[in-house]
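Biologist: I would like to learn how to read salt bridges and burial in a model like this one. Could you take me through them step by step?

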Amino acid sequence: MLTLELGKNTNVEMFSTLGYDVKINPKINGSCHVENVTNIGRNGHNFSLQKVRVGLAKDRYTFGVALDFEEYNNGLKGEIGGFLKSNF
């Protein structure tokens, strides 16, 4: 998805998501999902956010490792943790 703001503070924001699920055995699936948001203004890159989720899925639950990255003014900050997702 792409959005564009025109006017005094002109900027472009891009959002993308990519996911891949694979059957490991009849009861368990592997799961990998990546999201990216990037904002670019008149003076160049404003910020980017990336989220990576890698894990296992059983029934309606997916759990695993979570990585989050933030980029501001050419600086990079990252965090690692876990996630639990429930599909309704």
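Biologist: What kind of link do the side chains of aspartate 59 and lysine 58 form?

Modeller: In this predicted model, the side chains of aspartate 59 and lysine 58 meet in a salt bridge, with 3.5 Å from N to O. The pair counts as a salt bridge because a side-chain nitrogen of Lys or Arg has to be within 4 Å of a carboxyl oxygen of Asp or Glu.

Biologist: Is aspartate 59 buried or exposed, and what about lysine 58?

Modeller: Aspartate 59 has a relative accessibility of 70% and therefore counts as exposed, since the exposed class begins over 50%. Lysine 58, at 38%, counts as partly exposed.

Biologist: How many salt bridges does the structure hold?

Modeller: The structure holds three. Another of them joins the side chains of aspartate 68 and arginine 53, at 2.8 Å from N to O. Aspartate 68 lies in strand E5 (residues 61-72) and arginine 53 in strand E4 (residues 44-58), so this pair ties together parts that are 15 residues apart in sequence. There is also a salt bridge between the side chains of glutamate 79 and lysine 77, at 3.8 Å from N to O.

Biologist: Which residue shares a polar contact with the side chain of serine 31?

Modeller: The partner is aspartate 21, whose side chain is joined to that of serine 31 by a polar contact of 3.0 Å. Serine 31 belongs to strand E3 (residues 29-41) and is buried, because its relative accessible area is 9%. Beyond its neighbours within four places in sequence, serine 31 is in contact with several residues, including Tyr20, Arg53 and Thr62.

Definitions and conventions: Residues numbered from 1 in each chain as written. Predicted model: local features only at pLDDT ≥ 70, side-chain atom pairs only at ≥ 80, totals over all residues. Heavy atoms only, no water. Helix = DSSP H or I, 4+ residues; strand = E, 2+ residues; numbered from the N terminus. Buried < 20%, exposed > 50% of the residue type's maximum accessible area, 1.4 Å probe, protein only. Polar contact = N/O pair within 3.5 Å; in protein donor to acceptor, adjacent residues only side chain to side chain. Contact = heavy atoms within 4.5 Å.
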